[in-house]
Amino acid sequence: MSEPLVDAVVDPQPVTEISTTEIQPVETAAAVQSPLEDAKSAFSKFVAFVEHGIEKLGSEAEAELVTLAKKYL
């Protein structure tokens, strides 16, 4: 049981240097969005959640859906 699990010898590959001038940072949309845009997005998600829930569960569930959306979104 003391035999190696791999019989082949692995030759290390030469390391190539990457120039930092080739790498360009990518800005995400969240970093560029204003607080107003964030609020609009959150409200849109809230409304979409409630409307979808009403379609599936009926208008009787609207109050419960609003409560859930406030809690989790």
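**Entry 1. The pair α2 and α3**

I began with two helices, α2 (residues 35–57) and α3 (residues 62–72), whose axes come within 9 Å and cross at roughly 145°. I was working on a predicted model, and I kept this in mind throughout. I then looked up the hand of the crossing and noted that α2 passes α3 in a right-handed one.

Which residues of α2 and α3 meet? On the α2 side I listed Phe 46, Phe 49, Val 50, Gly 53, Ile 54 and Leu 57. On the α3 side I listed Glu 62, Leu 65, Val 66, Leu 68, Ala 69 and Lys 70. I sorted this contact by class and recorded 9 nonpolar, 1 polar and 2 charged residues.

**Entry 2. The chain as a whole**

I stepped back to the whole chain and found 3 helices and 0 strands. Read from the N terminus on, the elements run α-α-α. I also looked up burial: of the 73 residues of the chain, 8% count as buried.

**Entry 3. Helix α2 from end to end**

I checked the span of α2 against its expected value. The helix has 23 residues and reaches 33 Å from its first C-alpha to its last, close to the 33 Å expected at 1.5 Å a residue. I then looked at what follows α2 and found Gly 58, whose phi is positive, near 100°.

**Entry 4. The salt bridge**

How many salt bridges does the count come to? I recorded 1 salt bridge. The side chains that meet in it are those of Lys 40 and Glu 37, at 3.8 Å from N to O. I noted that side chains of opposite charge can pair when their charged atoms come close.

I next asked where the two partners lie along the helix. Lys 40 and Glu 37 are 3 residues apart in α2, so they are separated by about one helical turn. An α-helix has 3.6 residues a turn, so residues three or four places apart point the same way.

I looked up the accessibility of both partners. Lys 40 is partly exposed, with a relative accessible area of 45%. Glu 37 is also partly exposed, at 35%.

**Entry 5. Phe 43**

I located Phe 43 in helix α2. Is Phe 43 buried or exposed? I recorded Phe 43 as exposed, because its relative accessible area is 53% and the cut-off for exposed is over 50%. I also followed Phe 43 to Leu 73: the two are 30 residues apart in sequence and 9.0 Å apart in space, C-alpha to C-alpha.

**Entry 6. Two residues and their distance to Val 50**

I returned to Val 50, one of the α2 residues that meet α3, and looked up its distance to two other residues.

The first was Glu 64, which is found in helix α3. Glu 64 counts as exposed, at 58% relative accessibility. The C-alpha atoms of Glu 64 and Val 50 are separated by 9.2 Å, with their positions 14 residues apart along the chain counted as the step from one to the other.

The second was Ala 61, which I found in the loop between α2 and α3. Ala 61 counts as buried because its relative accessibility is 12% and the cut-off for buried is under 20%. Ala 61 and Val 50 are 11 residues apart along the chain, and their C-alpha atoms are separated by 9.2 Å.

Note on methods:
Residues numbered from 1 in each chain as written. Predicted model: local features only at pLDDT ≥ 70, side-chain atom pairs only at ≥ 80, totals over all residues. Heavy atoms only, no water. Axes fitted to C-alpha atoms, helices over the stretch in contact; angles between N-to-C directions. Helix = DSSP H or I, 4+ residues; strand = E, 2+ residues; numbered from the N terminus. Left-handed = near helix turned anticlockwise from the far one by under 90°. Contact = heavy atoms within 4.5 Å. Nonpolar A, V, L, I, M, F, W, Y, C, P; charged D, E, K, R; others polar. Expected span 1.5 Å × (residues − 1). Salt bridge = Lys/Arg side-chain N within 4 Å of Asp/Glu carboxyl O. Buried < 20%, exposed > 50% of the residue type's maximum accessible area, 1.4 Å probe, protein only.
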